[in-house]
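User: I want to know how the labels on this model were reached. Please take me through the reasoning.

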Amino acid sequence: MRNACGLFIVLLFIGASQSFSFDLPPKVEDCFYEDLLKGTDVGFSFQVTAGGALDIDVTTYGPGDEILYGAKRDSNGKYFFVTHLKGPYKFCFSNQMSTVTTKVVDVTLQIGKQRTEEEIVLAILSGREKKNDPGDTHKADDEDTLPLISPLQSSIMQLADGLHSLQGEEKYMRIRERVHRDTAESTNTRIMVSTIIENALLIGVSLFQVYFLKRFFEVKRAV
């Protein structure tokens, strides 16, 4: 029973995580939206995995088109914030600087547990959460209220948060490793091709020199 309860708490507090990849054509800006409640933890990361110089423009907007985060010509980045208002949040990627190159972008969006106003009110009425009253000078030691979470639940929440962070870091490092591996393989291919062309040119020049010198020292006899 305790294991089932712990698993439920882990799933409750881990929140939602979205990972996806998309192609962004040149001269195009693409945005996606999330409706979030006030006080929600949000983690946002991106990585350009293919296309040109692996750079892109990224902007995050809050309700009312307030700019929360902006990056110009970045290949990767991370941003963490807590929503200060309820409403739609917009995450935009722009490839306006490119003329012919399509970029491939991997995005990870981690959204923490969201609580509605009704859930907060119910928690207050059930005695599990207490409003702060500035005019109340009485001590809360004698109040017979239930704690918000038990020490066991708090430990499970901390473990869940750590596990979630490790999963995000692992995915981020896997993407970076793939990008660097592709770059190394592409560089190796270019070096190999250039070496083959260089050797072919060297052989051709050597043969031409041998032929030219042979013709130069050749003695012509009149018949």
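Analyst: What follows is a set of short questions, each answered from a value and a cut-off. Keep in mind that this is a predicted model.

User: How do you know that C31 and C92 are joined by a disulfide?

Analyst: Their sulfur atoms are 2.0 Å apart. The cut-off is a pair of cysteine sulfurs within 2.5 Å, so the pair qualifies as a disulfide. By this rule the count comes to 1.

User: What kind of bond is that?

Analyst: A disulfide is a covalent bond between the sulfur atoms of two cysteines.

User: What is the handedness of the C31 and C92 link?

Analyst: The link is right-handed, with 110° about the S-S bond.

User: Which parts of the chain does the pair link?

Analyst: Distant ones: C31 lies in strand β2 (residues 29-36) and C92 in strand β7 (residues 87-94). The two cysteines are 61 residues apart.

User: Why is C92 called buried?

Analyst: C92 has a relative accessible area of 2%. Buried means under 20%, so C92 meets the cut-off.

User: And what makes C31 partly exposed?

Analyst: C31 has a relative accessible area of 25%. Buried needs under 20% and exposed needs over 50%, so C31 falls in between.

User: Is Q47 buried or exposed, and why?

Analyst: Q47 is buried. The relative accessible area of Q47 is 3%, and the label applies under 20%, so the label holds. Q47 sits in strand β3 (residues 41-50).

User: Which residues does Q47 touch?

Analyst: Leaving out residues up to four places away in sequence, Q47 touches S75, N76, V104, V105, D106, Y172, I175, R176 and V179. Contact here means heavy atoms within 4.5 Å.

User: Why is strand β4 called mostly covered?

Analyst: In β4 (residues 56-61), 6 of its 6 residues are buried, so each is under 20% relative accessible area. Both faces are covered. I56, V58 and T60 are buried on one side, and D57, T59 and Y61 on the other.

User: What makes β4 and β5 a pair?

Analyst: They share 5 bridges, and pairing needs at least two, so β4 and β5 (residues 67-74) pair. The two strands run antiparallel. V58 stands opposite A71 in β5. The strands form a hairpin with 5 residues between them. In the turn, G64 has a positive phi of about 80°.

User: How do you know that β4 also pairs with β7?

Analyst: There are 5 bridges here against a requirement of at least two, so β4 and β7 pair. The sense is antiparallel. Y61 in β4 stands opposite K90 in β7.

Notes
Residues numbered from 1 in each chain as written. Predicted model: local features only at pLDDT ≥ 70, side-chain atom pairs only at ≥ 80, totals over all residues. Heavy atoms only, no water. Helix = DSSP H or I, 4+ residues; strand = E, 2+ residues; numbered from the N terminus. Buried < 20%, exposed > 50% of the residue type's maximum accessible area, 1.4 Å probe, protein only.
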